[in-house]
Amino acid sequence: MSGYDHLDLLVQVHEDASIPTGASIEVAVLSDGHTPDGPSRDFFSDPIGVIVFDDSAVPDAGTLRLERVDPPLGSMLAVRVAGARAQTTGNIRIRLSIDLVMKTS
């Protein structure tokens, strides 16, 4: 148990992004359960909070997205940023700041 009631995942875009047709960027929060016996192994859960940027609404500089994540949060967290694109599309370009704000009631 993390000791927090919920967290806010905040993702801000810092310059106009370039996301070609059929491409996307996903920012996900996952529970991570590695132990001292296996610190080099990942024990990630399925995403518990996700923000996606895609070609349907390419974000401008200054765009801020918020995703509230409610329990269970787990004792450790990880953030994964992944891009996906069709083989025939161009490059994805985006510069982000990612913050996790842990909150108690």
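Read along the sequence, the protein follows the pattern β-β-β-β-β-β, and its secondary structure comes to zero helices and six strands, where helices (H or I, at least four residues) and strands (E, at least two) are DSSP runs numbered from the N terminus. The model is predicted, so to speak of local features pLDDT of at least 70 is needed, side-chain atom pairs count only at pLDDT 80 or more, and totals for chains, interfaces and linings use all residues. Residues are numbered from 1 along each chain as its sequence is written, and side-chain values use heavy atoms, with hydrogens and water left out.

**Exercise 1.** Determine which strands pair with E2, and in which sense.

*Solution.* Begin with the criterion, by which two strands pair if DSSP finds at least two bridges between them. Strand E3 (residues 49-54) is joined to E2 by six bridges in the antiparallel sense, and within this pairing Glu26 has Val52 as its bridge partner. Next, strand E5 (residues 77-84) pairs with E2 over eight bridges, again in the antiparallel sense, with Ala28 standing opposite Arg80. Finally, consider the cover of E2 (residues 24-31): six of its eight residues are buried, buried being under 20% relative accessible area with a 1.4 Å probe and protein chains only.

**Exercise 2.** Establish the order of the strands in the three-stranded open sheet, and name its edges.

*Solution.* The order is E4-E1-E6, with antiparallel pairing. The edge strands are E4 (64-69) and E6 (96-103), each of which pairs on one side only. Neighbouring strands of this sheet are turned by 15° against each other on average, direction ignored, the axes being lines fitted to C-alpha atoms, and angles running from 0 to 180 degrees between N-to-C directions. For the register, take E1 and E4, which six bridges join, and note that Asp8 has Arg68 in E4 as its bridge partner.

**Exercise 3.** Identify the residues that touch the most other members of the largest nonpolar core, and trace which strands supply this core.

*Solution.* A nonpolar core is a set of buried Ala, Val, Leu, Ile, Met, Phe, Trp, Tyr and Cys residues joined through side-chain atoms within 4.5 Å. Of the 13 residues in the largest one, Leu7, Leu9, Val11, Ile19, Ile51 and Phe53 touch the most other members. Strands E1 (6-13), E2 and E3 each supply at least two residues of this core, and the largest share, four residues, comes from E1. Leaving aside neighbours within four places in sequence, Val11 is in contact (heavy atoms within 4.5 Å) with residues including Val27, Ile51, Phe53, Leu64, Leu96 and Ile98.

Conventions. Buried < 20%, exposed > 50% of the residue type's maximum accessible area, 1.4 Å probe, protein only.
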